Amino acid sequence: MGNRLSGPLADVSGDAGYREHPPRVGFFTDTSVCIGCKACEVACKEWNGVPDTHGDDVLGLTGMSYDNTEALGANAWRHVAFIEQAKPVQAGPDGNRDGSAEATRWLMASDVCKHCTHAACLDVCPTGALVRTEFGTVVVQSDVCNGCAYCVSACPFGVIDRREDDGRAWKCTMCYDRLRGGLEPACAKACPTDSIQFGPLDELRATAAARLTELHDAGEQGARLYGHDPDDGIGGAGAFFLLLDEPETYGLPPDPVVTTADLPSMWRWAGVAAAVLAAGVGAAFAGRSPAGLPWRRG
C-alpha cells in the first residue's frame with residue numbers, strides 16, 4: 001500500500017441512517033513506539049469482560065517468542081505481535097566486522113479490528129447483529145447473533161471469531177459504551193507510549209502523515225502507513241497503522257479487498273441465469289401438448 005493520504009473518508013454513519021452524528025473516530029497505531037507491554041490487551045479484557053484466551057491457563061505460553069495471544073479472536077480483541085528479526089551487521093570503518101554478525105530487531109504491534117469503511121461483515125450478516133454506530137465503528141450485538149459465522153468467513157483480516165461455548169461471534173467494539181460516555185477506548189487509555197492513539201479519524205490521518213515524514217527524515221525508509229487510504233480495497237480503515245516493514249511481516253494482507261465487492265455483479269448474473277432458465281423451460285413446455293405429447297401439425 002502507498003503512503004499517500006488521498007481524498008476524504010466516506011460518511012459511513014450518514015450512509016447508515018444517522019442524520020446527526022459525531023465525527024467518525026478511530027485508532028492510529030504507531031508501531032514504532034510500541035514496547036510490547038500488552039497493557040492494551042489487559043485493559044481490553046478487563047473493561048469488556050473478555051474471557052482468558054486460553055481458559056484457566058492464564059499464561060498460555062505458546063513457545064512462539066513472547067506472544068501468548070497468538071492472534072485476534074473471540075477472546076482476544078487486541079493482539080500484540082512480537083516479531084524478531086535478525087539482519088547482517090555491515091562492516092564498520094575499522095573493518096573488524098565481516099558481515100557475518102547479525103543484529104536483532106524487535107517489531108511489536110498491537111493489532112485490532114479495522115472497522116472498515118466497506119465492511120463485508122455488515123454485508124453478509126442475516127440477522128442485523130452487525131451494525132454501524134453513530135461513531136462510524138462496527139459492532140456485534142451479541143444478543144442478536146445467531147452464530148451463522150458468515151461474518152467470520154467474510155472478514156478479509158480474519159478478525160471476527162466465534163466462542164466455542166456459545167457459538168456467537170465477537171470482536172472489538174472500540175469500547176462503544178465508553179464512546180457514548182465521552183471516554184476513549186480502554187486500550188488507548190492504558191497505552192503508556194501513545195502507540196495507540198484515538199480520536200477523529202481525519203485528525204489521526206494528519207498525525208500519521210506527519211509521523212511518517214519524521215521517520216523517513218530520520219532514516220527509517222521502511223516505515224509505511226497501512227489501512228489509511230480511502231482508495232484501497234476496503235475504502236480505508238477506521239483503525240490504521242504505521243508499520244516499519246512489509247504488512248506480511250505483521251501477518252497483515254498486503255492489499256485487502258472487501259470480500260463482498262463482487263456481490264452486485266454476482267446477483268445480476270444470477271438473475272440473468274434464472275431468466276434464461278425460465279425462458280428455456282417455458283419454451284420447452286410451449287411446444288408440448290397438455291398430455292405431455294408433442295403437438296401435431298396439420
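Leaving aside its neighbours within four places in sequence, with which residues is Asp245 in contact? The tour of this predicted model returns to that question at its fourth stop.

**Confidence.** Colour the chain by pLDDT before selecting anything. The average is 86, and 77% of the residues score at least 70. Then select residues 265-270, where the pLDDT is below 50 and where the model shows zero contacts beyond near neighbours in sequence. Where pLDDT is low, the predicted coordinates should not be read in detail.

**The open sheet.** Next, display the four strands that form an open sheet, ordered β8-β1-β10-β9 with mixed pairing. Select β8 (196-200) and β9 (224-226): each stands at an edge with a single partner strand, so one side of each has no neighbour in the sheet. From one strand to the next, the twist averages 20 degrees. Strands of a sheet pair through backbone hydrogen bonds, either parallel or antiparallel. For β9 and β10 (residues 239-243), the pairing is antiparallel and extends over three bridges. To locate this pairing, select Arg224, whose bridge partner in β10 is Leu243. Now add helix α7 (residues 201-217), which packs on the sheet and touches β1 (25-30), β8, β9 and β10. The direction of α7 makes about 135 degrees with that of β8.

**The nonpolar core.** Select Phe27, Leu242 and Tyr250, the residues with the most contacts inside the largest nonpolar core, which has 62 residues. In soluble globular proteins, nonpolar side chains tend to be buried together. Centre the view on Leu242. Beyond residues up to four places away in sequence, Leu242 touches a set that includes Phe28, Thr29, Asp30, Ala208, Arg211, Leu212, Leu215 and Leu225.

**Asp245.** Move on to the loop between β10 and α8 (263-286), where Asp245 lies. Is Asp245 buried or exposed? With a relative accessible area of 14%, Asp245 is buried, because buried means under 20%. Show the side chains of Asp245 and Gln85, which are joined by a polar contact of 2.8 Å. The opening question can now be answered: apart from neighbours within four places in sequence, Asp245 is in contact with Gln85, Arg105, Leu107, Gly222, Arg224 and Tyr250. Two of these names have appeared at earlier stops: Arg224 in the pairing with β10, and Tyr250 in the largest nonpolar core.

**Helix α2.** Finally, select residues 39-48, which form helix α2; its buried residues are Cys40, Glu41, Ala43, Cys44 and Lys45. Just after α2, inspect the backbone of Gly49, which takes a positive phi of about 65 degrees.

Methods: Residues numbered from 1 in each chain as written. Predicted model: local features only at pLDDT ≥ 70, side-chain atom pairs only at ≥ 80, totals over all residues. Heavy atoms only, no water. Core = buried A, V, L, I, M, F, W, Y, C linked by side-chain atoms within 4.5 Å. Buried < 20%, exposed > 50% of the residue type's maximum accessible area, 1.4 Å probe, protein only. Contact = heavy atoms within 4.5 Å. pLDDT = per-residue confidence, 0-100. Pairing = 2+ DSSP bridges. Helix = DSSP H or I, 4+ residues; strand = E, 2+ residues; numbered from the N terminus. Axes fitted to C-alpha atoms, helices over the stretch in contact; angles between N-to-C directions. Polar contact = N/O pair within 3.5 Å; in protein donor to acceptor, adjacent residues only side chain to side chain.
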